[in-house]
Amino acid sequence: SIFIVEDLIPWKSSLPEAESLNERVNFTIDYLAEKKTERGDSVLAIFLRILSDGYDLMDERHNRLISRADQIEWINSRPIFTESKILQANPAAEQMLWVSDAVKMIECAKAVSKIDVPRFFKDERRGSSTGTAWMVAPNLALTCRHVIEAIDPMDTPLETEDIQAQISNSLMTFDYTAGGKGLQYRIESLEAPLLKSSSLDYALLRVEDRKDRPLREKGYLRLDLDSPLTTQTSLYIIQHPLGQPQQVSGDLYVKHGSSPGTILYKTPTNPGTSGSPVFNRVSWGVVALHRGENNIERLREGLKLQAIMSDIKQNRDDLYREIQMAQNI
């Protein structure tokens with residue numbers, strides 16, 4: 001009803017949806033913050049002034065809203081020196097890459113691999129698909145369950161024998177940073193979850209070691225299970241999009257997903273990125289397992305490592321302790 005005012009009508013239909021009052025407040029502020037009327041007035045300031053009319057003049061909330069509107073209008077009235085932007089090499093103020101980030105990327109990238117999974121149907125091979133996987137402990141790797149199953153959404157569910165054939169014939173390729181480079185390892189077994197025993201989209205794999213190039217040279221990624229995620233959190237993904245050589249992308253966390261244990265973020269991805277580690281840029285610890293696109297939200301979706309570790313602990317305490325010992329958590 002507030003947006004029936006003439007200056008606010010243009011923004012009414014695009015107001016962001018929210019699942020809670022707190023989210024509604026934050027989303028609305030973010031949405032209106034940079035909007036201006038044709039006269040150049042701040043839409044957010046107008047919105048706050050209209051809200052203030054809903055309270056008595058002696059009510060503290062009335063005065064606080066008026067004060068915020070005044071502050072916003074003062075900021076909006078300051079002159080913009082476009083000349084200074086012309087002189088800058090980064091007029092769009094885009095985020096630059098820290099040298100320390102580059103060092104951490106290279107270090108973490110050693111433990112991330114492309115994974116090629118052949119498709120089997122009734123013992124017959126029918127093509128292949130790719131994804132991304134990464135080491136979570138010595139000889140243990142994580143990826144998405146749907147990567148291992150290698151089926152499209154409309155495909156018929158696979159028989160156990162076909163899934164086992166896909167696992168035993170899959171290959172993980174580390175150090176794949178350019179064409180002609182890479183080192184391959186076989187998968188020994190699917191350790192967790194047992195086939196069809198969990199609704200969570202993850203797969204914990206035992207990787208077969210090589211005597212000439214031991215897996216310990218790759219190391220493993222650190223987990224950041226309790227990382228506080230807010231709209232200020234930058235999330236980076238080391239990935240093999242479309243089966244290509246290793247690449248990195250980064251953007252912001254948005255919110256928790258509607259499915260239990262999931263988060264949504266803006267970080268760019270492509271098919272083949274499923275199974276990638278999602279890093280908190282500050283700690284360079286893994287907070288989630290990337291699982292694909294959320295088509296409803298038009299955002300990327302990841303499964304929190306906290307949910308995965310809880311599921312492993314509940315169903316395979318021996319594996320949980322193995323990872324816990326490596327991670328020292």
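**Notebook: a predicted model, region by region**

I began with N63, which is partly exposed at a relative accessible area of 43%. I note at the outset that the model is predicted. I placed N63 in helix α4, which covers residues 60-77. I then looked up the distance from N63 to S52, eleven residues away along the chain, and found their C-alpha atoms separated by 7.4 Å.

**Whole chain**

I counted secondary structure next: the protein chain has ten helices and twelve strands. For the overall extent, I took the box filled by the C-alpha atoms along the principal axes, roughly 75 × 45 × 40 Å. I recorded 43% of the 329 residues as buried. The accessible surface comes to about 18800 Å², and carbon and sulfur atoms account for 52% of that area. Among contacts with a separation of 6 or more, I found that 58% link residues 24 or more positions apart. I also checked the charges: the chain carries 39 positive and 46 negative ones, and their mean positions are 4 Å apart.

**Barrel**

I traced a closed barrel of six strands in the order β1-β2-β3-β6-β5-β4, with antiparallel pairing. From one strand to the next, the twist averages 40°. I examined one pair of this barrel, β5 (residues 183-192) and β6 (residues 203-207), which run antiparallel and are joined by four bridges. Within this pair, I noted S189 opposite R206 of β6.

**Loop between β5 and β6**

I followed the chain on to P193, which is found in the loop between β5 and β6. The peptide bond joining A192 to P193 is cis, and I recorded its omega as about -10°.

**Positive phi values**

I looked up two residues other than glycine with positive phi. One is D175, with phi near 60°. I located D175 in the loop between β4 (171-174) and β5. D175 has 28% relative accessibility; this lies between the limits of 20% and 50%, so I entered the residue as partly exposed.

R298 is the other entry, and its phi is also near 60°. I located R298 in the loop between β11 (285-294) and β12 (299-304). Its relative accessible area is 70%; the cut-off for exposed is over 50%, and therefore I entered R298 as exposed.

How values were computed
Residues numbered from 1 in each chain as written. Predicted model: local features only at pLDDT ≥ 70, side-chain atom pairs only at ≥ 80, totals over all residues. Heavy atoms only, no water. Pairing = 2+ DSSP bridges. Axes fitted to C-alpha atoms, helices over the stretch in contact; angles between N-to-C directions. Buried < 20%, exposed > 50% of the residue type's maximum accessible area, 1.4 Å probe, protein only. Contact = heavy atoms within 4.5 Å. Areas by Shrake-Rupley, 256 points an atom, 1.4 Å probe, with all protein chains shown as cover. Lys, Arg positive; Asp, Glu negative; His and termini not counted. Charge placed at Lys NZ, Arg CZ, Asp CG, Glu CD.
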